[in-house]
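Student: Please take a close look at one part for me: the spaces inside this model. Go through them one at a time, and tell me what lines each one.

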Amino acid sequence: MAVVAEHALPWVMPSLRPYWFSLGMYGVLVFFLVSGYIIPASLEKRGDVGAFWISRVFRLYPLYLLVIAVVLVMAIWVPVRQEVPRHPSAVAAHLSMLLDVVHVGAVADPMWTLSYEMVFYLLVTALFAGGMHRRSGALAIVFGVVAVVAGLVLSAPLLPGHWPAVAACVVFVAGLACLVIGRFRTAAAYALGLMALVLLLFGSFVPWFGAAILAVMFTGTALYRWERGTAGLGPVVAAAVLVAAAPVWSVQAGWWWVQPDVWITTIVLAGVTFAIGMALRGRRVPGVLTWLGLISYSVYLLHHPLLRYLNALVGDLKSVTDPGRAALTLGYLAGTLTLSWLTYRFVESPAQRLGRRFTRRSSSSSHATGRDIPVPG
């Protein structure tokens, strides 16, 4: 909802948008911390790389592909964003979800975060295959250092052109097939992890930012290790300091939200939010928050296209009277939440059930043939 507010407020109520911190980046950082905390735990609990990836594909792709299809159909009325290349590489980048790290704009603005989610999945899979997945604190620090260094020396992607998106898609599809089927699984995990790392550092729109995001995600994993009593908080603090310092001397840091005061305030608020969540996780969660959690992926993917359609339908929202804008805002939120509930109910939930069915089959097959990668340690 913070990301929704970040995108909607400049259109409907610009006077309410805060500038002492970034609402959108705050939401994104909380999301990456949570993802870093949960995803490695999920993979380790399963102990089966193939089952993990089946669950991820059925969790992410059905709604993602539906939104892409709707945006393309609606392009008859509202053109696709200019940031999307009119080239086959855009299809390849959307298929792999590696959009931001192959410098390709997404058909829906929020999809850029999925690039780093996918990079994280690929790296965690490779680390798991090599038995190095428990070194979360060290990895958080390493990516923090990389973010600082990349900010000092890199000003643009070092892998330009359309070919990285196409090549990455081919490797991604082939590697994912190996992970799911179980053939050359360890080699595929290493190849995908290496590809993700190379693209993150040399193919991203903003290399320092990509490395900082990975530092944040591995910080979430380090917090999971600390909670389980297998690591300390030292790496968490060190990584946080490095992420906070990353844009200070960066050659790519001209946006208002990476100015030191705004950036650090945003990071602190995200960390406090995560800490409060951890402290209260044993308490009963209000039903409305549980419901928002269920439909959050739908809200995330749908809200930006809906905002563009609203703007195209009404015209310049800034020219509407205050009562009119308030009514439009309430209508937009009600419509977004309602449509998100419907897509969760009829797209996400059935796809997840189907994914669980395939996951059970994959797990049974892997254990029967001994193809699963055992949990090291």
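Tutor: On a 1 Å grid over the protein atoms alone, a cavity is a set of points where a 1.4 Å probe fits but cannot get out, while a pocket is an open set with protein on both sides within 12 Å along at least five of seven lines; lining residues have an atom within 4 Å of a point. Points join across faces, edges and corners, and volume is the space filled by probe spheres set on them.

This is a predicted model, in which local features need pLDDT of at least 70, side-chain atom pairs count only at pLDDT 80 or more, and totals for chains, interfaces and linings use all residues. Residues are numbered from 1 along each chain as its sequence is written, and side-chain values use heavy atoms, without hydrogens or water.

Start with the largest pocket. Its volume is about 2100 Å³. It is lined by 49 residues. Closest to its centre are Phe 31, Val 34, Leu 292, Gly 293 and Ser 296. Now find those on the helices (DSSP runs of H or I, at least four residues, numbered from the N terminus). Phe 31 and Val 34 fall within H2, residues 23-46. Leu 292, Gly 293 and Ser 296 fall within H12, residues 287-314. Other helices join in. H1 (2-12), H3 (49-74), H5 (112-129), H11 (260-279) and H13 (322-369) each give two or more residues to the lining as well. Which helix gives the most? H2 does, with 12 residues.

Next, sort that lining by class. Ala, Val, Leu, Ile, Met, Phe, Trp, Tyr, Cys and Pro count as nonpolar, Asp, Glu, Lys and Arg as charged, and the others, Gly among them, as polar. The largest pocket then has 28 nonpolar, 12 polar and 9 charged lining residues.

Move to the second largest pocket. Its volume is about 1000 Å³. Here 33 residues form the lining. His 7, Arg 81, Asp 109, Trp 112 and Trp 257 are the closest to the centre. H1, H2, H5 and H12 each supply at least two lining residues. These helices are familiar: H1, H2, H5 and H12 are also on the list for the largest pocket. This time H12 has the largest share, with 6 residues. By class, the lining splits into 20 nonpolar, 6 polar and 7 charged residues.

Now the closed spaces. How many cavities of 30 Å³ or more does the structure hold? There are 2.

The largest cavity has a volume of about 40 Å³. Its lining is Val 71, Val 78, Pro 79, Val 107, Ala 108, Pro 305, Arg 308 and Tyr 309. H12 brings the largest share, 3 residues. So H12 turns up here as well as in the lining of both pockets. The class count is 7 nonpolar, no polar and 1 charged. The charged one is Arg 308, because Arg is in the charged class.

The second largest cavity has a volume of about 30 Å³. Pro 40, Val 124, Leu 127, His 133, Ser 136, Phe 218 and Thr 221 line this cavity. H5 and H9 (207-227) each supply at least two of them. Val 124 and Leu 127 lie within the H5 range, while Phe 218 and Thr 221 lie within that of H9. Its lining has 4 nonpolar residues, 3 polar ones and no charged ones.
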